[in-house]
Amino acid sequence: RIISHSYKSKSDLKVDLQDYNQVIKMLNQAKPSTIINLVGLTNVDLCEKFPNEAYKLNVKVVQNLVDAINQYSLKTFLIHISTDQVYDGEGILSEKNINLSNYYSFSKYIGELIARQIESVVLRTNFFGKSKNLKRNSLSDWIYYKLSLGENIDVFDDVKFSPLSIYTLCKMIELMVEKKEQGIYNLGSCEGISKADFAYYFAKMLNFSTSKMNRVKVSNCKFLYAYRPKNMLMKLAKFEKKFNLKLPKLIDEIELVKKEYQK
């Protein structure tokens, strides 16, 4: 049985995970065999401007879950979703190549360390696809709506990443629920590209004109408050070997997500 949780929206359990007593009450009531932690402040600029808020959602929530599980000796497996922004370097980066470059990445990394104090798996990932949350757009949502309105759009030519579709990410999380293998893993797509190339491929697959798309350098963008990593290409060998599978190519993931916007 799947039990949903949130703080504001409609769900099975409505709990403030920043409140330790509420966390204890929730876990004793639900007695989950597995927790999938999707909580986080992911707005990079907000994390930089308000580090205490980043701490509350990216660190304190994880600490409360871990402390409660330890205190009551619960047999609960934690699946913790982290980020590819813990990387910024040269080449294809393995799980050991940590390079924290902003407060968002710092807070997420601390959350990882806390999560690993119990039986858990940490998935460092990035994802795109049609958002289920009407109040929050994904990267592909943003590109699609901008192009649909015929607006100019700047895309970063100097930022490389290797995200997964939301569909594939959910399938991999489902695999983690089944296997309950512990560790820290990169989880992304093969043959990552720049965010600019991603936007161009996505636009062309949906038959949008790219005439209003402009390649820019993130290092030249004055409107960004926090530094952005320029290389988040992840080495996937550890995950693929452990679970005996081949993760998809990014181009194939874009093709998969394209169909969501054609419905």
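**Exercise 1. Determine whether Lys171 is buried, partly exposed or exposed, and identify its salt-bridge partner.**

Solution. Lys171 has a relative accessibility of 39% and therefore counts as partly exposed; buried means under 20% relative accessible area, exposed over 50%, and partly exposed in between (1.4 Å probe, protein chains only). The model is a predicted one, in which local features need pLDDT of at least 70 and side-chain atom pairs count only at pLDDT 80 or more, while totals for chains, interfaces and linings use all residues. Residues are numbered from 1 along each chain as its sequence is written, and side-chain values use heavy atoms, with hydrogens and water left out.

Next, the partner of Lys171 is Glu174, with the closest N and O atoms 3.6 Å apart. A salt bridge is a side-chain nitrogen of Lys or Arg within 4 Å of a carboxyl oxygen of Asp or Glu. Glu174 is partly exposed, at 48%. Finally, both residues belong to helix H6 (residues 166–179) and stand three residues apart, about one turn of the helix. Helices (H or I, at least four residues) and strands (E, at least two) are DSSP runs, numbered from the N terminus.

**Exercise 2. Locate the parts of the chain that the salt bridge between Glu191 and Lys249 ties together.**

Solution. The two side chains meet at 4.0 Å, N to O. Glu191 lies in the loop between strand E10 (183–187) and strand E11 (193–194), and Lys249 in the loop between helix H8 (237–243) and H9, so the pair ties together parts 58 residues apart in sequence. Glu191 is exposed, at 56% relative accessible area, whereas Lys249 is partly exposed, at 43%. Elsewhere, salt bridges with shared partners join Asp157, Asp197, Arg215 and Lys217 into one network.

**Exercise 3. State which helix gives the most residues to the largest nonpolar core.**

Solution. A nonpolar core is a set of buried Ala, Val, Leu, Ile, Met, Phe, Trp, Tyr and Cys residues joined through side-chain atoms within 4.5 Å. The largest has 26 residues, of which Ile143, Val155, Phe198, Phe202, Met213 and Ile254 touch the most other members. At least two residues come from each of helix H5 (139–148), strand E7 (153–156), helix H7 (195–205) and helix H9 (250–261). The helix sought is H7, with seven residues.

As a last step, consider Phe202: beyond its neighbours within four places in sequence, its contacts (heavy atoms within 4.5 Å) are Ser140, Ile143, Tyr144, Ile254, Val257 and Tyr261.
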